[in-house]
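Got your viewer open? Here's a short tour: pick out each stop as we reach it, then have a look around.

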Amino acid sequence: MASLRDAQRAIVAALAQHASYAYRASSTVVNQLNREIEKLGQELAEKLYPVLERLSSGEKEAFLAGRYNSSALKQLKKVIEQHTERLDDVIQEIWENSAVEFARYEAEYISEVLERAVDGLAKVTSDAESIVRKAKDTPVFGGELLHDLLSDAVARNEAQVYAAIRQGFADGQTNSEVVRALRGTEALRYEDGLMHRSKIEVERVVRTARNHIGNIAYEDVYEKLGVKYVVVVATLDGRTSKYCAAMDGTRYKVGEAFPRPPYHPHCRTMLAPSFDDELVGNRPFVRSLKVRGGYKVGEDGERIPLQPQFRPVGKMTKAQREKAGLKVGQTKASTSYSKWFANQDAAFQREWLGPKRYKLYKEGGYDLSRFVDPRGRQYTLEELRRRDAETFRSVFGD
């Protein structure tokens, strides 16, 4: 079994490094989509303004009530519908091309890693289009399918466009102000407009969907190579969700039903092959608190401090790294998130859990899995109170 343990050591190390590369590859697709969304947002603004200028006060009242009973209102509805159709076409086209390419790469990558790590293991080939089809037919999380995630993003954009125009009319905004609310302002790089929210939504979907495809590709290769078990591997850092932390290290049989990552939007958790009862080798970790600093410019030019947040190591100053207690290193791959978390200092634990959950963790003996339900949703404090009334009384005195 020594050779398999050595092989798994190499595989875990390769997958841990590959995760960051896959994230960057997703950024390329996200940036491409953002450029297209930006262009479509500009086109929408240019087409909307002259149509809005034609509307009478009575027509604006009709629009508020959802009625399109004049040629100008019908034209307004047509402009929005055409924008929605073009947005859907762009997202679907870029997504389909990138999804197949990504599935092919991920399958080839994991196949090559396994071939190099395990002596005598044959290299297998996978059909990228078949992997994408399987990914489409497999729920992502919460029972949602890939098509629904993508189409919902477009539908939400359309609903938000209608809502923004109605709100503008109801608030007595000028047509220029209505369009500006949709498009945003050049001074703020259009990040204050509704279309920017569409970029954020599309990025959420794309990153989540690509993680889904990657794990489907891995499982496809594992099954063809006769790997019997997989183990859930979360990222050891402060951005990991409570559910991923609870799932980290769980082991399942290939081909059977089990909770598969992604477990939530922007999920980075992946499936690794398990040749033994537990992972062997090392896995990287990043221990850091959120750092303060920076600001955004409000509509009237005032500086608004940003909330504390995690920053990439390369974008942190030396002072910020020291203040955040940054520590980057390696730990045994068999160390679950729960075990790793237990060895971190109180400041990190308190920030990740929040003060009240931290108190339950330290004084109430709560394991990390106690904070989430079986479907991955984090329990509210009130739900925890109802479930564990006696523990709450002993810890909080109420």
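Start by selecting Val-233: its bridge partner in strand S3 is Met-270. Before going on, know that this is a predicted model, where local features need pLDDT of at least 70, side-chain atom pairs count only at pLDDT 80 or more, and totals for chains, interfaces and linings use all residues. Residues are numbered from 1 along each chain as its sequence is written, and side-chain values use heavy atoms, with hydrogens and water left out.

Now show strand S1 (residues 229-233), which pairs with S3 in the antiparallel sense over five bridges. Two strands pair if DSSP finds at least two bridges between them; helices (H or I, at least four residues) and strands (E, at least two) are DSSP runs numbered from the N terminus.

Add S2 to get the whole open sheet: three strands, ordered S2-S1-S3, with antiparallel pairing. S2 (251-253) and S3 (270-274) are at the edges with a single partner strand each, so one side of each has no neighbour in the sheet. From one strand to the next, the twist averages 35 degrees.

Next, select helix H7 (residues 194-225), which packs on the sheet and touches S1 and S3 (contact means heavy atoms within 4.5 Å). The direction of H7 makes about 15 degrees with that of S3. Axes here are lines fitted to C-alpha atoms, for helices over the stretch in contact, and angles run from 0 to 180 degrees between N-to-C directions.

Keep H7 on and add helix H5 (residues 146-170). How do the axes of H5 and H7 cross? They come within 10 Å and cross at roughly 175 degrees. The two helices are therefore roughly antiparallel to each other (angles over 145 degrees count as that, under 35 as roughly parallel, 65 to 115 as roughly perpendicular and the rest as oblique). Try showing side chains: among the residues that meet are Leu-149 and Ala-153 in H5, and Val-205 and Ile-213 in H7.

Hop over to the loop between S2 and S3, where you'll find Pro-262. The peptide bond from Pro-261 to Pro-262 is cis, with omega near 10 degrees. His-266 is in the loop between S2 and S3 too, and its phi is near 65 degrees, a positive value in a residue other than glycine.

Last stop: select Leu-40, Glu-43, Leu-44, Lys-47, Val-79, Gln-82, His-83 and Arg-86, which line the largest cavity. A cavity is a set of points on a 1 Å grid over the protein atoms alone where a 1.4 Å probe fits but cannot get out, and lining residues have an atom within 4 Å of a point. Helix H1 (2-54) and helix H3 (71-117) each supply at least two of the lining residues.

Technical notes. On a 1 Å grid over the protein atoms alone, a cavity is a set of points where a 1.4 Å probe fits but cannot get out, and a pocket is an open set with protein on both sides within 12 Å along at least five of seven lines; lining residues have an atom within 4 Å of a point.
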